[in-house]
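Colleague: I would like to go through the labels attached to this model and hear what each one rests on. Please give the value and the cut-off wherever a conclusion depends on them.

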Amino acid sequence: MSERLPVEVKFIGEPFCREAVIHTLRHLAMRAGWTISPGAQHRILYATTDNPREITAEEKDIVILSSSSVSRHLAESDTPLPFETMANGRFPFPHKNWRTFSKPGWITTDVIAGAWAVLNLWYEARTQTVGAGDWILFTEDWWRKAGWAQPEPVVDNWLDAILTDAIMLGWPSREEEKQPTVLLTHDVDYLPSPFNRGISRLSRSLVRHVVSRKRPGDAMLNMMAYARACRQTLPYFDFEKIVSEETMRGVFSSFQFVARSDHENDPGYDIHHPNLREILRYLEEKGFEICLHGSFRAGNDPARLVEEKGQLEQVLRRKIAGHRQHYLHFHPHSFFRGIENAGLQYDMSVGYNDMAGPRAGTYFPYRPFDIERGRPYVFWEYPLVLMDTTLATGYALSPAEAFHAACKELERAAAARGCVSIIWHQEQLGGLLDPGYDRVYWDLLDDLRRQQIRMTSGNKVLAEFDALWEESLAR
């Protein structure tokens, strides 16, 4: 590893939040090979002023223009961030004098405040009432209102503008090539009992294909897959097949299990049942990770999330690291706090049910920031960018179309050398949910392997990102 470049952050005027500025810049520093360090030769000037002419900058300083209007918007507004379209894209919080000061090294929009707001779901936290709805959809969030057709890596683009200007000014390049990474995950949203053998789940699937989708052929394929599963083992218990196929490809994934079910949207299985305890032991023995799948109510109840983590750990007899919220049902006001209070090391819930892409505007793991308390959280958020049911239900794609769409989204993440998570439900991989989508997953893994993209589970990359985070700030 090459030596990291010391970079000082100097404040001119009072920013919207000093700690938030440093915290957000550390996410750039991780990728850029920088260490934020007082008294360094290379400087970033974060200037909160209505009159940029007052700023005294040296030749190789990066100047980021902000103003008091940024603080007011973040504290008081319930509208999306203001944007300006420039030659290299749309940027947040344009300074009123941005045209006058467009010159090398001067970034005339507050890219840091914009990145901080998107990463921490600021708009949703400001506008959504806790417990009033279910989960936010892309069509309800700020993107569509601000003119975007789909989630884009805007945070990466905005922060990279700082790096681009720094290199243009002659700063030494310390950025290293990182291996693109896809975290493979399987949310376990349904398991039958030996008595009902999944008949109710099959019935729902048949109705969906025939009535909702007008695809009776898919219903027939589901029936055939169910008949085959009944001859071999208990339907929907496809864990051995998943383990065998992934092990053959040299990859390991995580399985997310619900520990408590007391809402109509929760899975109905019991992790204390001997059959399920055996499955959990089997997965761990084979090197696969077990994570918590927070129940429907846990996303808005931090105490419940703590209890559920304890229940799963009691069954496993060890600590767990990772989590994803069931149905992606949460409110940022309480959810991030619940993840931290539970002692979880990472979460993978920030994505959309109805749209693929980076909901938080980034293809990189990041540490969220407590907006109300003005301090960082200590866990990692791994971006969720792709889900099988989004392709099958939200987009209503055929298997061939789904494979193309999945490849396109993961190619964008790989081009950024990012680290993102994807969901393929375990029942999907038994051919009992959306016919043909089991083959989409295996073909997708084969395609990623041909591209030499790392595939693994979330716990395997924790140490890597923890080390990068520590190196991003001088102690």
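Colleague: Which residues of helix 3 are buried?

Modeller: They are Val 111, Ile 112, Ala 113, Gly 114, Ala 115, Trp 116, Ala 117, Val 118 and Leu 119. The model is a predicted one.

Colleague: Why is helix 3 called largely enclosed by the rest of the structure?

Modeller: Helix 3 covers residues 111-119, and nine of its nine residues are buried, so the label follows. The helix is followed by Leu 121, where phi is positive, near 55°.

Colleague: Why does Asn 120 count as buried?

Modeller: Its relative accessibility is 3%, and buried means under 20%, so Asn 120 counts as buried. Asn 120 lies in the loop between helix 3 and helix 4. Its side chain reaches the backbone oxygen of Trp 116 at 2.7 Å.

Colleague: What is Asn 120 in contact with, leaving aside neighbours within four places in sequence?

Modeller: Phe 336, Pro 368, Phe 369 and Ile 371.

Colleague: What makes you say that Asp 156 has no salt bridge?

Modeller: The nearest side chain of opposite charge is that of Arg 31, 4.2 Å away. A salt bridge needs the nitrogen and the carboxyl oxygen within 4 Å, so the pair does not qualify. Asp 156 is buried all the same, and is placed in helix 6.

Colleague: What polar contact joins the side chain of Asp 156 to another?

Modeller: One of 2.6 Å, with the side chain of Thr 362. The cut-off for a polar contact is 3.5 Å. Leaving aside neighbours within four places in sequence, the residues in contact with Asp 156 include Arg 31, Gly 361, Tyr 363 and Phe 364.

Colleague: How do you know that Asp 61 and Arg 43 form a salt bridge?

Modeller: Their closest N and O atoms are 2.6 Å apart, and the limit is 4 Å, so the pair counts. The pair links distant parts of the chain: Arg 43 is in strand 3 and Asp 61 in the loop between strand 3 and strand 4, 18 residues apart.

Colleague: Are these two residues buried or exposed?

Modeller: Asp 61 is buried, with a relative accessible area of 3%. Arg 43, at 14%, counts as buried too.

Colleague: What makes Asp 447 and Arg 450 a salt bridge, and why are they separated by about one helical turn?

Modeller: The N to O distance is 3.5 Å, against a limit of 4 Å. The two residues are three places apart in helix 15, so about one helical turn separates them.

Colleague: How do the accessibility labels of that pair come out?

Modeller: Asp 447 has 16% relative accessibility and counts as buried. Arg 450 has 61%; exposed means over 50%, so Arg 450 is exposed.

Colleague: What about the side chains of Arg 215 and Asp 218?

Modeller: They meet in a salt bridge at 3.9 Å, N to O, which is within the 4 Å limit. Arg 215 is partly exposed, with a relative accessible area of 28%.

Colleague: How many salt bridges does a search of the whole structure find?

Modeller: The search finds 31. A network of salt bridges links Arg 260, Asp 262, Arg 297, Asp 301, Arg 304 and Glu 307.

Colleague: What makes strand 11 and strand 10 a pair?

Modeller: Three bridges join them, and the strands run parallel. Pairing needs at least two bridges, so the strands pair. His 293 stands opposite Arg 324 there.

Colleague: How many bridges are there between strand 11 and strand 12?

Modeller: Two, also in the parallel sense. Gly 322 has Tyr 346 as its bridge partner in strand 12. Strand 11, helix 12 and strand 12 make a right-handed β-α-β unit, and strand 10, helix 11 and strand 11 make a right-handed β-α-β unit.

Colleague: Which way do the residues of strand 11 point?

Modeller: Gly 322 and Arg 324 point one way, His 323 and Gln 325 the other, and all are buried.

Colleague: Why is Tyr 327 called partly exposed?

Modeller: Its relative accessibility is 30%, and partly exposed lies between 20% and 50%, so the label applies. Tyr 327 is in the loop between strand 11 and helix 12, and has a positive phi of about 65° although it is not a glycine.

Methods:
Residues are numbered from 1 along each chain as its sequence is written. This is a predicted model: local features need pLDDT of at least 70, side-chain atom pairs count only at pLDDT 80 or more; totals for chains, interfaces and linings use all residues. Side-chain values use heavy atoms; hydrogens and water are left out. Buried means under 20% relative accessible area, exposed over 50%, partly exposed in between (1.4 Å probe, protein chains only). Helices (H or I, at least four residues) and strands (E, at least two) are DSSP runs, numbered from the N terminus. Lys and Arg count as positive and Asp and Glu as negative; His and the chain ends are not counted. A polar contact is a pair of N or O atoms within 3.5 Å; within protein, one must be able to donate a hydrogen and the other to accept it, and residues adjacent in sequence count only if both atoms are side-chain atoms. Contact means heavy atoms within 4.5 Å. A crossover is right-handed if, with the strands pointing away from the viewer, the path from the first strand over the helix to the second runs clockwise.
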